[in-house]
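The following paragraphs are intended for a reader meeting this structure for the first time. They begin with a single residue and proceed from there to the sheet and the whole chain.

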Amino acid sequence: MESSSPCIVRRLGAPPRQRGSVTGSSCPDIFELSDGNFAVIGTEATAALDRELPTHGRADYERIVVITRETLLRAKPDIPDA
């Protein structure tokens with residue numbers, strides 16, 4: 001049996017419009033997925049930050065994504081404790 005891909009369950013925090021993205025040109029966002037993981041829309045910064053990682057690195061399929069501080073802070077109340 002094939003496993004199905006997770007679906008977006010909800011946005012965490014305020015939508016981009018409430019954070020000042022009137023044109024839709026800058027829309028960092030955080031979503032909770034049906035499998036309990038999270039998806040992030042942000043600025044791809046792998047090349048710029050890869051050497052800065054304090055760990056041994058990342059997998060080839062992983063990317064470093066930057067979101068604004070405001071995006072994360074406004075999502076904080078919606079992030080589950082466990």
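Ser26 lies in the loop that links strand E1 (8-11) to strand E2 (29-33). The model in which this residue is placed is a predicted one. Is Ser26 buried, exposed or partly exposed? Its relative accessible area is 44%, and because residues count as buried under 20% and as exposed over 50%, Ser26 is classed as partly exposed. Along the chain, 15 residues separate Ser26 from Ile41, and the distance between the C-alpha atoms of these two residues is 9.8 Å.

The two strands on either side of this loop belong to a sheet. Strands of a sheet pair through backbone hydrogen bonds, and the pairing may be parallel or antiparallel. Here three strands form an open sheet in the order E1-E2-E3, and the pairing is antiparallel. E1 and strand E3 (38-41) occupy the edges; each has a single partner strand, so one side of each is left without a neighbour in the sheet. On average, and with direction ignored, neighbouring strands of this sheet are turned by 30° against each other.

The pairings can be followed residue by residue. Three bridges connect E1 and E2 in the antiparallel sense, and Arg11 has Phe31 of E2 as its bridge partner. Between E2 and E3, which also run antiparallel, there are four bridges. Among the pairs here, Ile30 is matched with Val40 of E3, and Asp29 has Ile41 of E3 as its bridge partner. Ile41 is thus the residue whose C-alpha atom was placed 9.8 Å from that of Ser26. E2 and E3 together make a hairpin with four residues between them. In the turn of this hairpin, Gly36 has a positive phi of about 95°.

How many of the residues of E2 are buried? Five of the five are, so this strand is largely enclosed by the rest of the structure. In a regular strand the side chains alternate between the two faces of the sheet. In E2 both faces are covered: Asp29, Phe31 and Leu33 are buried on one side, and Ile30 and Glu32 are buried on the other.

The view may now be widened to the whole protein. It contains two helices and five strands, and from the N terminus on its elements follow the pattern β-β-β-β-α-β-α. Of its 82 residues, 21% count as buried. Among contacts in the protein with a separation of 6 or more, 46% are between residues 24 or more positions apart.

Taken along the principal axes, the C-alpha atoms fill a box of roughly 40 × 35 × 25 Å. The accessible surface amounts to about 6,500 Å², and carbon and sulfur atoms account for 53% of that surface. As for charge, the protein carries 10 positive and 12 negative side chains. The centres of these two sets are 8 Å apart.

Methods. Residues numbered from 1 in each chain as written. Predicted model: local features only at pLDDT ≥ 70, side-chain atom pairs only at ≥ 80, totals over all residues. Heavy atoms only, no water. Buried < 20%, exposed > 50% of the residue type's maximum accessible area, 1.4 Å probe, protein only. Contact = heavy atoms within 4.5 Å. Areas by Shrake-Rupley, 256 points an atom, 1.4 Å probe, with all protein chains shown as cover. Lys, Arg positive; Asp, Glu negative; His and termini not counted. Charge placed at Lys NZ, Arg CZ, Asp CG, Glu CD. Pairing = 2+ DSSP bridges. Axes fitted to C-alpha atoms, helices over the stretch in contact; angles between N-to-C directions.
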